[in-house]
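Thank you for letting me take a few minutes of the meeting. I would like to walk slowly through one structure, so please keep it in view while I talk.

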Amino acid sequence: KNIIAGCMTVSLLLCIILVVMVTRQLRERVIEMTGELRTALEEAKVASHAKSNFLSKMSHEIRTPMNAIIGLNHIALENKNLPSITREQLKKINAAAKHLLSIINDILDMSRIESGKIVLKHEKFSFIEMLEQINVIIGSQCKDKGLNYDCRIIGEVGEFYIGDDLKLRQVLINILGNAVKFTHKGGKVRLQVEEISTSDDKSVLQFKIADNGVGISEEYLPKIFEAFSQENSNATNKYGSTGLGMAITKGFVEMMSGKISVESTKNVGTVFTVEITLTKSKDIPEENLSENLPTAQKDLTGKIILLAEDMPVNAEIMMMVLSMRQMQVDHAENGRVAVEMFAGHEPGYYDAILMDM
């Protein structure tokens with residue numbers, strides 16, 4: 001019995017020692033693996049940051065000459081004496097260049113979102129002026145495609161708010177642009193704006209963008225906000241889709257602490273709903289602005305413009321475009337010259353100053 005008891009004690013001790021040794025080895029391995037994972041994560045972050053920086057720089061460098069190509073092509077199309085075959089070729093160049101530019105812009109936006117380089121503004125802006133700018137852009141696209149466009153404000157909204165109007169405008173233009181793209185001739189696109197809740201210093205604005213276009217399948221709806229996702233492989237060729245627009249839109253909405261949702265039925269239409277909270281601008285009284293907003297172009301004949309542009313080709317394009325609308329343009333090759341030209345004229349001489357910043 002003593003021998004058996006002794007053997008059991010030794011066995012127990014050996015088991016305890018073995019467990020301790022295994023536990024120690026496992027702990028050391030876990031620590032080692034944790035270090036390896038941490039190193040791999042840091043390397044992945046560095047690689048992702050390098051990729052985003054590369055894409056951002058390359059996109060910016062490519063976008064500059066692309067703007068020149070599109071600008072000169074646009075001016076060439078204004079020539080009424082062009083042979084019909086040349087005009088058709090220029091139109092195809094224009095479509096291809098705009099498609100390429102949209103891809104470049106999407107990549108630039110995605111790289112900035114991923115790298116965290118986008119900083120939201122917190123500035124007072126004219127809400128009505130922002131909507132008018134959107135109406136001019138989307139109204140023109142709808143007119144070219146033969147669509148009916150309607151923008152309507154429900155109830156009362158403030159004339160001025162504090163926030164990032166540039167990001168908000170891009171969100172709405174991205175969604176409205178898609179509505180135009182995926183709606184056939186004779187269809188309808190609608191933007192509805194409503195203040196759905198308010199407090200002493202905040203307002204929650206709801207934007208509904210509706211169309212009666214091709215719609216989205218029930219299977220694809222959960223993936224619509226994923227980067228590079230497309231409902232089918234024909235989207236790129238047929239509609240010029242990059243698969244980044246909705247991912248960028250969702251990124252901007254979330255940066256503004258907002259939310260976005262979508263409802264759609266295939267071959268019936270789509271409704272996007274965006275809710276954004278903006279700070280009220282208390283020094284400006286609110287007005288009732290429930291009527292449809294004007295979208296007509298303004299007569300710019302005789303307006304005097306000061307153009308500050310250091311790239312000769314871009315300056316040439318801008319001067320031609322402005323002259324086509326019967327405007328007078330003074331060109332300054334850099335900021336210092338622009339300041340001198342502005343100071344050398346009486347107040348109010350220039351109707352606008354254009355700068356590449």
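I will begin with the chain as a whole, then turn to a sheet, to aromatic rings, and finally to two loop residues.

Please keep in mind that what you see is a predicted model. The chain has 357 residues, and 35% of them count as buried. In terms of secondary structure, the chain contains 8 helices and 10 strands. If we take the contacts between residues at least 6 apart in sequence, 74% of them join residues that are at least 24 apart. The accessible surface of the chain comes to about 21,800 Å², and carbon and sulfur atoms account for 58% of that area.

Let me now turn to the sheet. Three strands make up an open sheet, and reading across it the order is β9-β8-β10, with parallel pairing. Which strands stand at the edges? They are β9, residues 328–332, and β10, residues 352–355, and each of them has a single partner strand, so one side of each is left without a neighbour in the sheet. Going from one strand to the next, the twist averages 20 degrees.

We can look at each pairing in turn. Strand β8, which covers residues 304–308, is joined to β10 by 4 bridges, and the two run parallel; Ala-308 stands opposite Met-355 of β10. With β9, strand β8 pairs in the parallel sense over 5 bridges, and here Leu-306 has Asp-330 in β9 as its bridge partner.

There is also a helix to notice at this sheet, namely α8, residues 335–343, which packs on the sheet and touches β8, β9 and β10, while its direction makes about 130 degrees with that of β9.

How many of the residues of β8 are buried? The count is 5 of the 5, and therefore this strand is largely enclosed by the rest of the structure. If you look at the two faces of β8 separately, you will find Ile-304, Leu-306 and Ala-308 on one side, Ile-305 and Leu-307 on the other, and both faces covered.

The next topic is the aromatic rings. A pair of such rings is described by the distance of the centres and the angle of the planes. The structure holds 4 aromatic pairs, and I will describe two of them. In the pair of Phe-127 and Phe-207, the ring centres are 6.1 Å apart and the planes stand at 45 degrees; planes under 30 degrees apart would count as stacked and those over 60 as edge-to-face, so this pair is tilted. These two residues come from distant parts of the chain, since Phe-127 belongs to helix α3, residues 127–145, and Phe-207 to strand β5, residues 202–211, with their positions 80 residues apart. Phe-127 is buried, with a relative accessible area of 0%, and Phe-207 is likewise buried at 0%.

Now compare the pair of Phe-225 and Phe-272, whose ring centres are 6.4 Å apart and whose planes make 75 degrees, so that this pair is edge-to-face. Phe-225 lies in the loop between β5 and α5, whereas Phe-272 lies in strand β7, residues 269–280, so the pair ties together parts that are 47 residues apart in sequence. Both Phe-225 and Phe-272 are buried. Returning to the earlier pair, Phe-127 and Phe-207 form one aromatic cluster together with Tyr-161.

Rings also meet charges in this model. The charged end of Lys-124 sits over the ring of Phe-160, at 5.6 Å from its centre, and the charged end of Lys-167 sits over the ring of Phe-252, at 5.9 Å from its centre. Phe-252 is one of the buried residues of helix α6, residues 245–255, which also include Met-246, Ile-248 and Val-253.

Helix α6 brings us to the loop residues. Most residues other than glycine have a negative phi. Ser-257, which follows α6, has a positive phi of about 60 degrees although it is not a glycine. Is Ser-257 buried or exposed? Its relative accessible area is 64%, and so Ser-257 is exposed, lying in the loop between α6 and β6. Asn-267 has a positive phi of about 65 degrees, and it is not a glycine either. Asn-267 lies in the loop between β6 and β7, where it is exposed, with a relative accessible area of 64%.

How values were computed:
Residues numbered from 1 in each chain as written. Predicted model: local features only at pLDDT ≥ 70, side-chain atom pairs only at ≥ 80, totals over all residues. Heavy atoms only, no water. Phe/Tyr/Trp six-rings, centres within 6.5 Å; stacked < 30°, edge-to-face > 60°. Buried < 20%, exposed > 50% of the residue type's maximum accessible area, 1.4 Å probe, protein only. Lys NZ or Arg CZ within 6 Å of the ring centre and 35° of its normal. Pairing = 2+ DSSP bridges. Axes fitted to C-alpha atoms, helices over the stretch in contact; angles between N-to-C directions. Contact = heavy atoms within 4.5 Å. Areas by Shrake-Rupley, 256 points an atom, 1.4 Å probe, with all protein chains shown as cover.
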